[in-house]
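Q: Could you take me on a close look at one part of this model? I'd like to start with a single strand pair and then see what else is worth pointing out.

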Amino acid sequence: MPKSILRRGLEGFHPYVPGEQPPDGAGWVKLNTNESPLPPSPRVIEAIKHAADDSLRLYPSPTAQPAREAVARRFGLEPSRVTVGNGGDELIELCFRAFAGAGDTVAFPTPTYPLFEPLCRIHEAEPSRHPTEDFAELPPSLGPDPSPLKFIVNPNSPTGALFDAHHVRAAVAASSGVVAIDEAYVDFAPRSALDLLETHGNVVLLRTFSKSYGLAGMRIGFALGSPDLIEALDAVKDSYNVDRLAIAAAVAAIEDEAHHRRLVEEVVRNRGELARALEELGFEVVDSATNFVFARPPRPAAEVVTALRERKILVRHYDREPIVGWIRVTVGTREQHAALLDALKEVLA
Ligand SMILES: Cc1ncc(COP(=O)(O)O)c(C=O)c1O
């Protein structure tokens with residue numbers, strides 16, 4: 001589509017560019033989009049098969065009620081404090097629709113999830129960026145920022161760093177607007193901001209089934225917040241934003257806690273091994289609280305990434321400051337790590 005067809009407000013628009021998704025089964029070692037290296041619970045596959053029946057002619061529950069209730073049970077919350085979306089990304093978009101529009105500012109630390117920038121353009125809001133001095137330090141300027149909507153990705157992407165809980169609490173307490181804490185990776189971290197839900201009505205936590213439940217392909221996320229915030233998100237969502245198969249998958253996934261725990265434990269163990277191996281190869285490695293490792297190779301990152309790609313290994317890298325020179329590697333299986341490390345030894349030799 002020629003750019004000129006876009007509305008005037010989107011002149012020069014740079015869309016969000018997702019990580020490369022090569023065709024399934026083409027032999028790639030795919031460590032570029034933070035998917036789970038392990039499959040979802042077998043109970044999820046069963047539930048999806050069971051849901052794939054004649055009832056697909058009917059619309060799903062507009063509130064994704066079974067999923068909402070299952071998530072609420074899991075967190076010991078009333079269902080009125082939960083909404084479900086088509087991935088965490090949809091919930092981010094709903095925050096814009098509900099809380100920040102044309103002429104508003106939307107605040108977030110940088111570097112962070114690059115989706116916020118194009119969403120600001122689409123909603124004609126102004127980004128209010130707060131650069132981090134140190135990847136693990138929440139900028140003190142974020143709290144006093146008067147924006148009606150703030151995002152804190154914690155643990156952050158692409159750095160993998162976890163911001164200090166007291167600093168997050170202070171930023172929330174200083175904010176008059178809504179603070180969306182994007183906890184897409186929190187299951188791999190030592191702590192979450194769940195306790196803030198009890199003390200601060202302006203907090204919404206965004207979660208996803210894409211990472212620690214191994215369900216990136218299903219597109220399910222959920223938000224936890226005060227009934228008022230949840231009602232606001234529900235008010236602006238599309239009518240049937242979560243399909244029948246996704247609702248069934250979400251219920252089965254959240255109810256199979258043992259599988260979830262095993263998946264998280266294996267990723268955390270593999271993460272430690274990967275970080276140590278990269279350090280031994282001369283990478284500078286950021287302490288990760290996620291399912292990926294952010295690291296600076298001892299050679300120009302662009303060269304390393306290209307050489308890996310030639311060997312059918314995909315990792316993510318960035319062409320913008322202050323993270324030029326860094327790569328983000330999703331934690332994989334031990335076999336995937338072996339392939340990556342062998343290739344890196346060749347590339348760095
Ligand atoms: C920081 C962050 N937030 C949210 C998401 C959304 O994930 P999904 O839309 O798959 O739930 C991602 C995905 O990579 C992410 O990195």
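A: Happy to. In this predicted model, a good place to begin is Glu 284, which stands opposite Arg 296 in strand 10. That strand covers residues 292-296, and two bridges join it to strand 9, the two running antiparallel. Both belong to an open sheet of four strands, ordered 9-10-13-12 and paired in antiparallel fashion. Strand 9 (284-285) and strand 12 (316-317) are at the edges with a single partner strand each, so one side of each has no neighbour in the sheet.

Now let's turn to the ligand. Its surroundings consist of Gly 87, Gly 88, Asp 89, Tyr 113, Val 153, Asp 182, Ala 184, Tyr 185, Thr 208, Ser 210, Lys 211 and Arg 219. Sorted by class, this shell holds four nonpolar, four polar and four charged residues. Helix 3 (residues 87-99) gives the most to the shell, with three residues.

Some of these neighbours also make polar contacts. The side chain of Asp 182 places an N or O atom 2.6 Å from a nitrogen atom of the ligand. For Thr 208, an N or O atom of the side chain is 2.5 Å from a ligand oxygen atom, and a polar side-chain atom of Ser 210 lies 2.6 Å from an oxygen atom of the ligand. On its own the ligand has 390 Å² of accessible area, and the protein covers 92% of that. The space that the ligand takes is the second largest pocket.

Terms used
Residues numbered from 1 in each chain as written. Predicted model: local features only at pLDDT ≥ 70, side-chain atom pairs only at ≥ 80, totals over all residues. Heavy atoms only, no water. Near = heavy atom within 4 Å. Polar contact = N/O pair within 3.5 Å; in protein donor to acceptor, adjacent residues only side chain to side chain. Areas by Shrake-Rupley, 256 points an atom, 1.4 Å probe, with all protein chains shown as cover. 1 Å grid on protein atoms, 1.4 Å probe; cavity = no way out; pocket = protein on both sides within 12 Å on 5 of 7 lines; lining within 4 Å. Sits in = over half its atoms within 2 Å of the grid points. Nonpolar A, V, L, I, M, F, W, Y, C, P; charged D, E, K, R; others polar. Pairing = 2+ DSSP bridges.
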